[in-house]
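Here is a short report for a reader new to this structure. Please look over the sequence and the model first.

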Amino acid sequence: MSSHTCATVPSVSIGEICSFVNGRAFKSSEWSRTGLPIIRIQNLTDRDRPFNHYDGDYDDKHLVREGDLLFSWSGTPGTSFGTFIWDRPQGLLNQHIFKVAVDTCRVHKRYFRYALNHRLGDIIRQAHGGVGLKHITKRKLEAIKIPLPPLSEQKRIAAILDKADAIRRKRAAAVEAIDSLVHATFMTTVGPDADEYAVWPLEPLASLAAPTQNAMRTGPFGSNLKHSEFVNDGIAVLGIDNAVRNRFVWDQRRFITEEKYAELKTYTVRPGDVLITIMGTIGRSAVVPEDIPTAINTKHLACITLDRDRAEPEFISNAIHRHPHILRQLGSSGRGAIMTGLNLGVIKSLQIPLPPIEQQRRLVEQLSAIRKTESTLHSSTKEAEALFNSLVQRAFRGEL
C-alpha cells in the first residue's frame with residue numbers, strides 16, 4: 001500500500017496544471033469526403049461511428065495528434081462527458097471538445113485522465129442545460145480539484161489502473177464478439193450461407209402464425225392503456241425496452257391492476273412469443289422467455305404466437321433483425337438499422353426463406369450453447385468492471 005494518504009496528498013485545481021483549447025464549429029456545408037476527419041463527441045464514445053471530413057484551411061491549435069488528451073464538455077450525462085486519449089491519426093477538433101495540455105513536469109497524462117474521469121459526477125452536477133443535454137463551462141472545469149501526489153506515485157497509480165482497464169476492455173470486447181458469432185451461426189445454419197438455401201420456399205410471416213385467434217397482434221391503443229393507469233405492482237406490461245437489444249431483458253418495470261388486465265386479456269403475451277418493436281427504435285426483436293409472468297404488451301410492440309411445428313421463435317426473431325432478405329423488405333440501410341415505418345400489415349407480409357424445422361431447431365441448440373458462454377463472459381465482465389471501479393476509488397482515497 002502506498003505511504004500516501006488522503007491527508008498527505010495535496011489537491012490542486014486542474015486549471016493550475018493544464019490548459020484547455022476549444023475546437024471550432026464545422027458547418028455541414030464544410031464537410032467533405034476527403035481531408036482530415038472532424039472529431040466529434042460521437043467519435044470518442046463510439047469507435048465505429050463514421051467521420052465527417054474537412055479539407056480547408058485550419059488553425060494548428062485545432063489539430064489533434066495521436067496521444068493528445070481530449071475532454072468532451074457537452075452532451076448527455078453518463079454517455080458523453082469524459083476524458084479520452086486520442087489513439088488514431090490526426091484529426092480536427094470540433095467545438096464540443098477541449099484539447100487538454102497538461103504540465104508534464106507536475107502531472108502524468110494517464111493519471112490525469114483517470115483523476116478527471118473520477119470527478120465526472122461533480123462535473124455533471126455543475127453543468128447547465130436541459131435534462132438530455134448539458135454543458136460544463138471552461139471556468140467551472142478549471143476549478144475542479146484532483147489529488148496530486150508526486151509524479152512517480154502518479155505513474156505507479158496509472159500503471160495499475162491501466163492493467164485493470166485493459167482487462168475490463170478485453171472482457172467487454174469478448175462479449176461484443178458474441179453477437180458476431182451468433183450472426184455467423186445464423187447465416188451458415190438458416191441464412192443465405194446455408195446448404196440448400198436456394199431451394200427453401202418463401203413463406204409470408206402470417207402463414208407461420210399459430211392457427212389461433214389473435215396470433216399476430218399489437219398492444220392496446222393509447223386510449224385503452226394510459227400511463228396514469230400504471231401501478232407499482234401487478235400484471236407486467238412489456239414495451240420497447242424489453243426487446244430493443246434484440247434479446248428479452250427486464251428493464252423498466254410497468255404494471256397494471258388485475259382489474260385493468262381483465263379488460264386487456266386479449267393482449268396477453270405468452271412464453272415463446274416473438275416481440276418486434278414498431279415504434280421508437282423499430283425493427284428490433286426478442287423472444288419472450290419461458291418463465292414470463294402474466295403480462296401484456298404495449299402498442300409499441302407487435303407480438304406473434306407461432307405455429308411451432310413450422311417455425312421456431314429464435315429463428316423468426318433473429319431473421320427479423322439479421323436476415324438480409326428481410327432487411328431489404330423492411331428498407332434497411334444495413335444490418336439492424338431499419339429506416340422505414342413498421343406496422344402489423346408490413347410484418348404479416350414479410351417473405352421469409354423458410355428452412356426445414358429440424359434445421360431451425362439446430363440453430364436453437366447452437367444459440368443455447370453460445371449463450372451459456374456469453375453468460376459466463378458477462379459475469380467475468382462485471383467482475384472486471386467492479387475490480388476497476390474499486391481500484392479507482394482506492395486510488396483517489398490514497399489507499400492504492
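In strand E17, the bridge partner of Ile235 is Ile256. That pair is a good place to enter this predicted model.

**The three-stranded sheet**

Ile235 belongs to strand E16, which covers residues 235-238. Strand E17 (residues 255-256) runs antiparallel to E16, and two bridges join them. Across from Ala236 stands Phe255 of E17. E16 has another partner, strand E20 (residues 295-297). Here the pairing is parallel, over three bridges. Leu238 has Asn297 of E20 as its bridge partner.

Together these strands make an open sheet in the order E17-E16-E20, with mixed pairing. E17 and E20 are the edge strands, each with a single partner, so one side of each lacks a neighbour in the sheet. In general, strands of a sheet pair through backbone hydrogen bonds, in either the parallel or the antiparallel sense.

Are the faces of E16 covered or open? Both are covered. Ile235 and Val237 are buried on one side. Ala236 and Leu238 are buried on the other.

**The four-stranded sheet**

A further open sheet has four strands, in the order E2-E10-E6-E8. Its pairing is antiparallel. Strand E2 (18-22) and strand E8 (82-85) form the edges; each has a single partner strand, so one side of each has no neighbour in the sheet. Neighbouring strands are turned by 30° against each other on average, direction ignored.

Strand E6 (residues 69-72) pairs with E8 over four bridges, in the antiparallel sense. One example is Leu70, whose bridge partner in E8 is Phe84. Helix H2 (residues 109-118) packs on this sheet. H2 touches E2, E6, E8 and strand E10 (97-102). The direction of H2 makes about 160° with that of E8.

**Two pockets**

The table sets out the two largest pockets.

| Pocket | Volume | Lining residues | Nonpolar / polar / charged residues |
|---|---|---|---|
| Largest pocket | about 1500 Å³ | 39 residues | 12 nonpolar, 13 polar, 14 charged |
| Second largest pocket | about 960 Å³ | 31 residues | 12 nonpolar, eight polar, 11 charged |

Which residues lie nearest the centre of the largest pocket? They are Phe84, Arg113, Asp165, Arg168 and Arg169. Phe84 has appeared already, as the bridge partner of Leu70. Six elements are listed as giving two or more residues to this lining: helix H1 (41-45), E8, H2, helix H3 (120-126), helix H5 (151-189) and helix H10 (357-395). H10 provides the largest share, eight residues.

In the second largest pocket, the residues nearest the centre are Arg245, Asn246, Arg247, Arg371 and Glu374. Two or more lining residues come from each of H5, strand E19 (285-287), helix H7 (313-322) and H10. H10 again gives the most, with eight residues.

**An enclosed helix**

Why is H7 described as largely enclosed by the rest of the structure? Nine of its 10 residues are buried, so little of the helix is left uncovered. Buried here means under 20% relative accessible area. The buried residues are Pro313, Phe315, Ile316, Ser317, Asn318, Ala319, Ile320, His321 and Arg322.

What covers them? The cover includes helices H5, H8 (324-329) and H10. It also includes strands E18 (274-277), E19 and E22 (351-353). H5, E19 and H10 also give residues to the lining of the second largest pocket.

**The whole chain**

Now step back. The chain holds 10 helices and 22 strands. Its C-alpha trace spans about 75 × 50 × 40 Å along the principal axes. Of the 400 residues in the chain, 45% are buried.

How do contacts spread along the sequence? Take those between residues at least 6 apart in sequence. Of these contacts, 73% join residues at least 24 apart. The pairing of E16 with E20 links residues 235-238 to residues 295-297.

Note on methods
Residues numbered from 1 in each chain as written. Predicted model: local features only at pLDDT ≥ 70, side-chain atom pairs only at ≥ 80, totals over all residues. Heavy atoms only, no water. Pairing = 2+ DSSP bridges. Axes fitted to C-alpha atoms, helices over the stretch in contact; angles between N-to-C directions. Contact = heavy atoms within 4.5 Å. 1 Å grid on protein atoms, 1.4 Å probe; cavity = no way out; pocket = protein on both sides within 12 Å on 5 of 7 lines; lining within 4 Å. Points joined across faces, edges and corners; volume = space filled by probe spheres on them. Nonpolar A, V, L, I, M, F, W, Y, C, P; charged D, E, K, R; others polar. Buried < 20%, exposed > 50% of the residue type's maximum accessible area, 1.4 Å probe, protein only.
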